[in-house]
Amino acid sequence: MLHDYGFDNVWRMIFVFVFLLLFLVYGWILSRREKFWWAWLTAALRLMWIAPLLFLMWPKKIGIGIDQPLRSRNLYILLDDSRSMQLSGALEKAQSKIEILKRSCEELACNVEIKKLSEFRNGVRTSDEEAPLDYTYMEESLAFWLAAKFENDPVLVFSDGGDHLSRNLDVKLDVITPKIREGASKLYLYLGSEKESNYAITNSRSLGLSFSNQKPSVEVSLQRSDDLIDTQRNLQIQIYAIRPDNSEQILVTQSFRFQKGERSVDVGLDLPVMTKGQYMLYARLLTPPEDRVVWDNHHAFMIKILPNTVGLLHLLGAPSWDGRFLRRYIKSEIKYDTVSFYILRDPTDLIPEKDRELSLIPFPVERLFTKELSRFKVLIMQNFALSYFLDQEEYRNNLVRFVKDGGGLLFIGGPRALLRHDVQNSSLKEILPFSEDQIRFTDSNEKASTRKDSAGGPFAGFGLGRMPYLNMHSSSAFSFMGSSWNSSLNFRLKVDDLDDSEQKRISFWAELQSLAPELEGVFPNSKNAWSGLQDVSFASTLPKVKEDFANEIDGTQMVQDPLNLIHAEIFDKKNSTVQEKRPFVMASFPGKGRALWILSDEIWKLANQTPELASRGLYTRFMQMVFQWLLKEDLRPALQWQTASLQLDSRSDLMGLRLELSGPAVLEFESNPKLWSWNICGKNFDSSQFKVDVDKAMESLVLEADVKTSIWPSSIKRKACSVAYEAQSPAFGNLKSEMLVGVQQSMSDEEFAGSEWNARSLAKKYGMEWINSRGISSGNLEEQLVTWIKGFMVGDKEFIKSPTERSLSYWDYFHWLNGYWLSWILFFMILEVVVQRRKWIFGARL
Amino acid sequence: MRFYFDSFKNSKSIVWMCLVLFSCFNDSHADSVWVTHLNSGTTKGVSEFTSEYKNLSSAIKSKTSIEMSDKLQEFYLPKFAQPSFPEQGWVFANMFTISKILDTSSSLSSYFSQWLRQGGFLVLEEDVERNSKEESLMERLAERISYRSDVRARWREVPVEHELMRSFFLHTSFPSCKNRMWKVLEYDQRTVGVYAPFPWMEWLKDRNWSNVPELSKRVCEQSMDADFLSKIFVNMVMTALTTDYKMDQIHLPEILKRLQ
């Protein structure tokens with residue numbers, strides 16, 4: 001390929017500039033003693049023949065080159081040389097492919113670097129003892145090898161997928177994979193034996209969570225090898241737990257069938273009702289005689305059984321953005337069993353369509369507020385015109401009794417809430433955190449009548465004689481019922497002083513803290529539990545209150561002695577001065593119950609307050625706190641097990657430990673890991689004995705270690721033992737948990753021959769492309785490998801730029817100045833003769 | 001107690017009727033919902049409201065409990081890149097605007113997709129002049145929403161059992177336009193967007209209200225009327241504001257009975 005290394009554009013510009021400068025200076029000098037036009041002509045003629053001489057310094061170069069990378073590329077190969085590979089002949093097959101790759105690489109100017117699996121054992125294991133040759137440390141070696149810096153060079157693995165430990169590779173796979181997939185191009189070439197009859201449990205799916213009044217369900221995925229596909233086969237699967245005495249407790253046994261032609265099948269199993277606690281359960285395929293690989297017939301999974309679900313009743317006065325976001329939050333919490341009723345249509349609406357064309361159903365107020373209310377733990381009233389829709393005094397009384405008897409009430413405001421009648425004549429006023437005197441209604445100007453409706457119905461106090469002034473939501477008839485809501489105001493949120501000496505306030509925060517230890521993690525300042533809301537700017541509707549309401553709220557004049565938790569500072573946009581304070585979030589304690597009053601219908605805007613990737617971050621955290629306080633229980637544990645595995649390598653006398661926990665308490669781990677202690681099978685460990693990985697974004701903590709089994713008594717070689725942690729922090733107090741975990745045994749290559757499923761899982765876990773050699777002819781396989789390596793090299797961006805691809809510049813049209821420089825010097829030298837003999841040529845005039 | 005037609009049989013309802021009639025004379029400035037149009041212009045701000053949807057607003061107010069303004073607000077793309085999000089939980093955009101979002105800058109597309117992930121709702125309309133790259137644009141948008149997320153966003157044609165078909169009026173199908181169907185964008189088990197195969201919000205403006213049959217005949221080769229399109233709009237507003245409320249177990253038996 002031709003390569004032209006002449007001037008680049010910068011040098012050309014410099015040259016032109018210097019040339020012009022010389023011309024001007026020389027011309028100017030000559031013009032002082034010659035006639036003007038002759039001086040400049042002389043300068044031009046002389047420089048014309050001198051110029052090619054200057055070009056000699058930057059000659060044009062033309063050469064032939066081959067496109068190649070700027071740096072030498074490597075192809076890294078990991079070769080599984082385990083006994084199973086030797087016995088099946090796969091090792092020999094792999095070596096022949098490597099030879100072909102070496103030849104291809106020579107043509108592409110790349111180097112091949114080969115590592116054998118047997119070279120890795122000592123590097124990976126903490127033991128000095130060599131692991132026996134008939135044990136394959138596949139995953140550990142692969143992880144160790146891939147951790148090396150390959151830059152962007154391709155990596156290739158030849159393996160039959162055999163491993164000495166049966167692992168639950170799917171654990172957190174989705175979380176790990178995106179991190180690993182970035183970077184180098186990776187290929188996993190599976191070299192299994194042609195006939196490998198195998199049934200395997202590939203995965204189990206459960207919500208990880210269930211309730212003590214429900215049967216937990218789990219779905220187990222199974223697959224079988226290609227040579228078995230043409231048969232129909234009935235099999236059985238079991239779910240079992242391990243008791244502390246090491247015996248198995250079979251929870252369920254179920255038959256299922258692989259239909260003819262079916263490679264994989266999902267089996268759904270209902271487990272029996274279980275008591276509260278966290279369980280490690282195991283799925284087991286009862287091994288049929290033709291199954292040659294038995295290690296993959298087990299799969300462990302964890303399930304947490306919580307107390308009963310929590311019943312919520314959500315009443316929404318009119319569809320709104322606030323309603324949308326609250327519903328999303330409620331639906332996202334599996335623990336909530338929600339019954340919702342939204343008023344989609346007002347009694348005043350005129351719809352010509354017939355009922356059967358609509359999806360509306362009547363609001364079953366009688367049933368809900370006479371029979372069903374006690375089933376719920378929290379009632380949510382959102383922008384709800386209570387006095388209209390709960391049109392019987394009995395219903396309103398039942399609502400108040402529900403709260404006083406220990407229920408939770410979440411009141412969320414809006415133009416349809418806190419109508420005059422709700423506050424003045426309804427029994428709701430018994431639990432309101434303020435009195436009617438502290439609220440201003442749209443019709444409660446100085447001249448407004450306070451006459452009560454003798455019927456005591458929703459129109460009490462309403463009469464044409466004192467029609468309210470219409471400054472908001474006037475199209476809604478609700479405003480005529482004495483609405484107390486302003487149109488949109490601009491304000492800042494202020495979390496009320498947590499250092500307040502008032503005992504009740506201190507105990508409120510302390511309780512919220514104990515219920516929701518993650519607050520410490522979310523908000524760094526321990527004193528300011530809701531500081532995420534501090535200074536958040538808002539534009540929202542608010543109830544109109546007396547000017548000194550915010551001050552009164554801290555005093556003793558309140559009806560229910562509530563706590564003002566967050567207030568709104570309405571400010572003047574121009575000079576940012578605070579014009580007025582109004583309550584924003586209040587808590588009250590009616591009877592045995594609790595009520596939280598959010599006096600805005602636009603709290604949803606918190607969802608967009610922070611540029612987080614997490615969906616609705618601040619809003620969700622706020623609502624979590626609200627519901628935790630109302631329910632008086634911790635919905636989201638500060639710390640919980642994700643998985644725990646104990647893998648006993650009996651040949652090397654090592655126990656592989658892997659503990660994974662999640663929850664907001666994890667965020668405190670790094671501040672003082674010494675306060676976290678661990679007990680594995682009766683032996684105490686401190687955190688320094690583990691390799692620790694804290695993922696703050698995912699709130700996950702992973703601890704791994706390989707420990708000599710000699711530290712335990714011989715009883716360690718049993719089916720299960722307990723795993724426990726105890727953690728202390730000023731942020732969340734003392735947390736501890738214990739769980740029984742099965743001990744998995746290592747297997748030799750003879751027991752654990754190659755496995756397509758294991759290989760496939762490894763490839764997926766480490767973000768590798770996948771080729772299955774089974775069913776592909778040797779020639780095709782070689783071709784695929786060569787294409788892969790060529791594709792990678794050709795796709796490389798770091799090549800020398802080919803000059804033929806360079807676009808023509810203006811200067812390219814003058815390249816002859818380089819190529820024929822001598823001719824042009826000789827040609828233009830005549831001009832010097834013209835200069836020297838000018839008087840002879842042009843006469844004495846010059 | 002039933003809160004629809006039969007409510008008017010009692011005296012309480014007559015009082016309500018009077019209140020509504022009275023309230024019609026008042027101008028509202030605090031409606032909870034209005035149309036926010038995502039404008040591809042370069043102005044860094046939000047326009048004042050312009051009155052464009054009096055007919056539509058009346059239809060919504062008279063039939064539902066939603067207080068919808070007749071106003072249209074323009075929200076300019078650079079505002080998203082600041083980032084600053086619309087006051088409303090939804091935006092209406094056309095294909096051209098989506099192409100600007102995806103092609104102009106990564107921060108703009110990042111903030112826009114973040115807004116959708118955090119709960120925003122997109123109403124995507126076909127342009128009057130068809131965009132030939134519409135399918136790939138929609139797919140790119142779905143990919144952008146799913147970026148760095150384990151949850152995949154995807155478009156699909158509106159199935160008959162979707163909440164959009166049932167959220168208020170019971171529809172059995174939506175009108176297609178030159179074989180293009182209505183679609184919903186789903187992410188994290190919720191509907192985050194709706195695609196309309198014709199520029200219906202333009203047609204529903206007051207100035208075009210009476211010409212909808214003619215416009216639809218010209219663009220979609222089938223006649224539609226504004227009243228029918230406004231019913232689809234009602235369902236869409238309900239879907240945006242109440243999500244899949246109508247799919248709750250307590251509603252389903254009654255809805256299925258009516259559909260039979």
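1. Helices α2(B) and α10(B) are oblique to each other, oblique being the word for whatever is left when angles under 35 degrees count as roughly parallel, over 145 as roughly antiparallel and 65 to 115 as roughly perpendicular. Helix α2 covers residues 54–63 of chain B and helix α10 covers residues 226–242 of chain B, and their axes cross at roughly 60 degrees, coming within 10 Å. The axes are lines fitted to C-alpha atoms, for helices over the stretch in contact, with angles running from 0 to 180 degrees between N-to-C directions.

2. Please read every point with the origin of the coordinates in mind: this is a predicted model, in which local features need pLDDT of at least 70 and side-chain atom pairs count only at pLDDT 80 or more, while totals for chains, interfaces and linings use all residues. Residues are numbered from 1 along each chain as its sequence is written, chains are lettered from A and ligands numbered from 1 in the order in which they are written, and side-chain values use heavy atoms, with hydrogens and water left out.

3. The crossing of α2(B) with α10(B) is right-handed, meaning that the near helix is turned clockwise from the far one, whereas an anticlockwise turn by less than a right angle would be left-handed. On the α2(B) side the contact (heavy atoms within 4.5 Å) is made by Leu56(B), Ile60(B) and Lys63(B), and among the residues of α10(B) that take part are Phe233(B), Val234(B) and Val237(B). By class this contact has 5 nonpolar, 1 polar and 3 charged residues, where Ala, Val, Leu, Ile, Met, Phe, Trp, Tyr, Cys and Pro count as nonpolar, Asp, Glu, Lys and Arg as charged, and the others, Gly among them, as polar.

4. Helix α10(B) also packs against a helix of chain A, namely α8(A) (residues 321–332), at an angle of about 50 degrees and with the axes 7 Å apart, so that this pair too is oblique. From α8(A), the residues Trp321(A), Gly323(A), Arg324(A) and Arg327(A) meet Thr239(B), Ala240(B), Leu241(B) and Thr242(B) of α10(B). The residues of this contact divide into 3 nonpolar, 3 polar and 2 charged.

5. Over all chains there are 28 salt bridges, each being a side-chain nitrogen of Lys or Arg within 4 Å of a carboxyl oxygen of Asp or Glu. One of them joins Arg375(A) to Glu372(A), whose closest N and O atoms are 2.6 Å apart. The two partners differ in their surroundings, since Arg375(A) is exposed at 63% relative accessible area and Glu372(A) is buried at 16%; buried means under 20%, exposed over 50% and partly exposed in between, with a 1.4 Å probe and protein chains only.

6. A further salt bridge, at 3.2 Å from N to O, pairs Arg658(A) with Glu704(A). Because Arg658(A) lies in strand β25 (residues 654–662) and Glu704(A) in strand β29 (residues 700–708) of chain A, the pair ties together parts 46 residues apart in sequence; helices (H or I, at least four residues) and strands (E, at least two) are DSSP runs numbered from the N terminus. Both side chains are partly exposed, Arg658(A) at 22% and Glu704(A) at 30%.

7. In chain B, Arg140(B) and Asp103(B) form a salt bridge at 2.5 Å from N to O. This pair links helix α6 (residues 134–146), which holds Arg140(B), with helix α4 (residues 95–104), which holds Asp103(B), the two residues being 37 apart. Arg140(B) is partly exposed, at 34% relative accessibility. Elsewhere, salt bridges that share partners join Arg327(A), Lys331(A), Asp244(B) and Asp248(B) into one network.

8. Two loop residues deserve a look for their backbone angle. Most residues other than glycine have a negative phi. Leu418(A), however, has a positive phi near 50 degrees; Leu418(A) sits in the loop between β18 (408–412) and α12 (420–424) of chain A and is buried, at 1% relative accessibility. Thr243(B) likewise has a positive phi near 50 degrees, lies in the loop between α10 and α11 (252–259) of chain B and is buried at 8%.

9. For chain A as a whole, there are 21 helices and 32 strands, and 54% of the 846 residues count as buried. Among its contacts between residues at least 6 apart in sequence, 73% join residues at least 24 apart.
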